[in-house]
Amino acid sequence: MARMRALAAALPADDGVAVFNGVYLAVTEEVDRRIGSGAFQDPSAAGELDLRFARRYFAAVDAAAAGLPTPACWRPLFQLRRHPGVRPLQFALAGINAHIGHDLALAVVDTCHALGCEPAHLEGDFDRVGTVLTGLEERIRERLMPGPDILDIADPLTHLAGSWSLEMARDGAWAAARMLWGARRLPDFAEEFADRLDASVGLVGRCLLTPLG
């Protein structure tokens with residue numbers, strides 16, 4: 001959380017990465033609060049997953065800052081982060097898409113390796129984190145969507161935002177994590193699957209960041 005707050009202080013408020021960073025900080029604060037209140041089945045494992053999940057985002061931020069290649073899932077956000085025709089909600093959804101659609105699956109596998117457990121051990125707490133995300137998604141959409149206005153139905157942002165589902169992305173991440181874990185003894189296959197997952201999530205992100213103005 002300290003790293004996210006430092007990023008928030010360093011980036012202009014209208015920077016696309018700053019928009020996502022604010023959303024991610026709110027999610028992390030809520031997960032941390034729930035871990036502290038005993039809402040998770042295995043707080044230690046949930047904390048490990050939360051940490052490894054965040055590290056993938058920080059690695060992408062650091063790579064972009066150093067002029068190095070970023071994962072394909074993050075590339076659209078870093079390339080279009082200052083585009084005047086992309087709206088804040090698009091930046092938020094593109095970041096969530098990259099982090100949930102790609103990073104979360106790999107973070108589950110990282111956590112299983114670190115703790116010596118199967119994905120099934122994390123499933124209950126994975127779903128609890130998903131509940132936090134779903135609740136915050138509605139608040140994010142309400143805060144970043146213009147309106148309410150009778151003309152909003154004609155706004156392309158309304159249709160673009162409605163074309164992406166956090167719940168489906170989360171379900172896909174869990175399925176991808178199980179696939180990667182099952183293929184851990186087939187490294188070439190696992191690497192190819194991870195690369196294709198990265199590319200496909202990146203394609204979705206690029207569509208979410210279609211300039212609208």
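This is a short chat about the pocket, one buried threonine and the aromatic pairs of a predicted model.

Visitor: What kind of model is this, and which pLDDT cut-offs apply?
Guide: The model is predicted; local features need pLDDT of at least 70, side-chain atom pairs count only at pLDDT 80 or more, and totals for chains, interfaces and linings use all residues. Residues are numbered from 1 along each chain as its sequence is written, and side-chain values use heavy atoms, with hydrogens and water left out.

Visitor: What volume does the largest pocket have?
Guide: About 190 Å³. A pocket here is an open set of points on a 1 Å grid over the protein atoms alone, where a 1.4 Å probe fits, with protein on both sides within 12 Å along at least five of seven lines. The volume is the space filled by probe spheres set on the points, which are joined across faces, edges and corners.

Visitor: Which residues are closest to its centre?
Guide: N97, G101, A169, V201 and V204, out of 13 that line the largest pocket. Lining residues have an atom within 4 Å of a point.

Visitor: Which elements give two or more residues to that lining?
Guide: α5 (88-115), α8 (166-182) and α9 (187-208). α8 gives the most, with five residues. Helices are DSSP runs (H or I, at least four residues), numbered from the N terminus.

Visitor: How do the lining residues divide into nonpolar, polar and charged?
Guide: Eight are nonpolar, five polar and none charged. Ala, Val, Leu, Ile, Met, Phe, Trp, Tyr, Cys and Pro count as nonpolar; Asp, Glu, Lys and Arg as charged; the others, Gly among them, as polar.

Visitor: Switching to T111. Buried or exposed?
Guide: T111 is buried, at 0% relative accessible area. Buried means under 20%, exposed over 50%, partly exposed in between (1.4 Å probe, protein chains only). T111 sits in helix α5.

Visitor: What does T111 touch?
Guide: A45, E48, L49, R52 and L122, leaving aside residues up to four places away in sequence. Contact means heavy atoms within 4.5 Å.

Visitor: How many aromatic pairs are there?
Guide: Nine in the whole structure. Rings of Phe, Tyr and Trp (its six-membered ring) pair if their centres lie within 6.5 Å; planes under 30 degrees apart are stacked, over 60 edge-to-face, the rest tilted.

Visitor: Why is Y24 with F53 edge-to-face?
Guide: Because their planes stand at 70°, with ring centres 5.9 Å apart. Y24 is in helix α2 (residues 16-36) and F53 in helix α3 (residues 43-65), so the pair ties together parts 29 residues apart in sequence. Y24 is buried at 4% relative accessibility, and F53 is buried at 7%.

Visitor: And Y57 with F58?
Guide: That pair is tilted, 5.5 Å centre to centre and 40° between the planes. Y57 and F58 are buried.

Visitor: Which residues do ring pairs link into a cluster?
Guide: F20, Y24, F53, Y57, F58, W74 and F78.
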